[in-house]
Amino acid sequence: MLILQKNLKDFLDRKADFYNRTSFIENDPIFVPHQFTLKQDIEIMGFFAATFAWGQRKTIIQKSMELARRFNGKPHEFILHHSESDLKQLLGFRHRTFNDTDLLWFVDFLHRHYKESESLEEAFLPETGFTDMEGALIHFGQYFFNAPDAPGRTRKHVASPERNSTCKRLNMFLRWMVRCDGKGVDFGLWKRIQPAVLICPVDLHVDRTARRLGLVTRRQTDWRTAVELSENLRLLDACDPVKYDFALFGLSIEKEIYDL
């Protein structure tokens, strides 16, 4: 791990800057919300694209855009004003283990939420007040399934620290919505959650790079791993630790990490 003998912060800052650019968008799931301009459409399609984010990125984008077409290209309008017959055009949708039963519940949740709230950000803010991202994610999961007819099978698609998940997809979605650095990748639409408190999304690529650089020491990969990584990244940038997601992911994808 020769990189640890150099200035790790300078190295990761350079790599984050290199990968945090609009050319990154085309081949990443964040491409999907970038096809929309209405705040609520960006939130909705960002949420679905993040939910679908396992497997090949090309397929994630294709399935997300298929769903957008089933929403008639206007996700927020469809979700707020659809009729029972409109829901038929959602039937048969599938991405890996996510099927139309899950989709109909997501739509039902979003319909109920947007009837009362302008932004999906409010779904992550407990009534007792924001304390940390662990509490926010637990609150979101409880709120999402706070109905007697919530399908049990859908719970696997909404991770929670309560189940010791890294919550990679939700943390990625939150990065998209919260970070605002003027680079044109992340949206920075939400202002009540600060970039400083975000948890770094941990997938296979990020996990591998973080371990190679000594930023993770836990043997297993779970919620505490994501917290450990984020705490170490805050030592490099206390205000915007999750910007290093670009560096850690990019280094693994490009296999640069093996040259260190």
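Reader: So which residues have the most contacts inside the largest nonpolar core?
Author: This is a predicted model, and in it those residues are Leu12, Phe48, Phe71, Phe124 and Leu229. The core has 85 residues.

Reader: Why would that kind of side chain end up together?
Author: As a general trend, nonpolar side chains tend to be buried together in soluble globular proteins.

Reader: OK, take Phe71. What does Phe71 touch?
Author: Leaving out residues up to four places away in sequence, Phe71 touches Met45, Phe48, Phe78, Ile79, Leu90, Leu103 and Val107. Phe48 is also one of the residues with the most contacts inside the core.

Reader: Let's look at α3. How far apart are the end C-alpha atoms of helix α3?
Author: They're 20 Å apart. Helix α3 covers residues 57–70, and at 1.5 Å a residue its 14 residues should span 20 Å, so the two values agree.

Reader: Which residues are buried in α3?
Author: Ile60, Ile61, Lys63, Ser64, Glu66, Leu67, Ala68 and Arg70. The buried residues of α3 pack against α2 (39–51), α4 (75–81) and α5 (100–116).

Reader: And Arg69, is that one buried or exposed?
Author: Arg69 is found in helix α3 too, but it counts as exposed because its relative accessibility is 58%, and the cut-off for exposed is over 50%.

Reader: How many residues apart along the chain are Arg69 and Leu90?
Author: They are 21 residues apart along the chain, and their C-alpha atoms are separated by 9.9 Å. Leu90 is also among the residues that Phe71 touches.

Reader: What about Asn72, what's its phi like?
Author: Asn72 follows α3, and its phi is positive, near 60 degrees.

Reader: Changing topic: where does Asn99 lie?
Author: Asn99 is in the loop between α4 and α5. Its relative accessibility is 10%, so Asn99 counts as buried; the cut-off for that is under 20%. Not counting residues up to four places away in sequence, Asn99 touches Phe93, Arg94 and Arg153.

Reader: Now pockets. How much space lies in the largest pocket?
Author: About 340 Å³. There are 21 residues lining this pocket, and the closest to its centre are Arg57, Lys168, Met172, Asp203 and Phe249. The elements giving two or more residues to that lining are α3, α7 (168–178), α8 (204–212) and α10 (244–253).

Reader: How do the residues of that lining divide into nonpolar, polar and charged?
Author: Twelve are nonpolar, three polar and six charged.

Reader: And what lines the second largest pocket?
Author: Its space is about 230 Å³. The lining is made of Phe18, Tyr19, Arg21, Ser23, Phe24, Asn27, Arg57, Phe246, Phe249, Gly250, Ile253 and Glu254. Both α1 (8–19) and α10 give two or more residues to it. Arg57 and Phe249 are also listed among the residues closest to the centre of the largest pocket.

Reader: Which element gives the largest share of the second pocket's lining?
Author: That's α10, with four residues. By class, the lining has six nonpolar, three polar and three charged residues.

Reader: α10 keeps coming up! Why is α10 said to be largely enclosed by the rest of the structure?
Author: Because nine of its ten residues are buried. They are Tyr244, Asp245, Phe246, Ala247, Leu248, Phe249, Gly250, Leu251 and Ser252.

Reader: What do those buried residues of α10 pack against?
Author: They pack against α1, α3, α7, α8 and α9 (223–234).

Terms used:
Residues are numbered from 1 along each chain as its sequence is written. This is a predicted model: local features need pLDDT of at least 70, side-chain atom pairs count only at pLDDT 80 or more; totals for chains, interfaces and linings use all residues. Side-chain values use heavy atoms; hydrogens and water are left out. A nonpolar core is a set of buried Ala, Val, Leu, Ile, Met, Phe, Trp, Tyr and Cys residues joined through side-chain atoms within 4.5 Å. Buried means under 20% relative accessible area, exposed over 50%, partly exposed in between (1.4 Å probe, protein chains only). Contact means heavy atoms within 4.5 Å. The expected span of a helix is 1.5 Å times one less than its number of residues. On a 1 Å grid over the protein atoms alone, a cavity is a set of points where a 1.4 Å probe fits but cannot get out, and a pocket is an open set with protein on both sides within 12 Å along at least five of seven lines; lining residues have an atom within 4 Å of a point. Grid points are joined across faces, edges and corners, and a volume is the space filled by probe spheres set on the points. Ala, Val, Leu, Ile, Met, Phe, Trp, Tyr, Cys and Pro count as nonpolar, Asp, Glu, Lys and Arg as charged, and the others, Gly among them, as polar.
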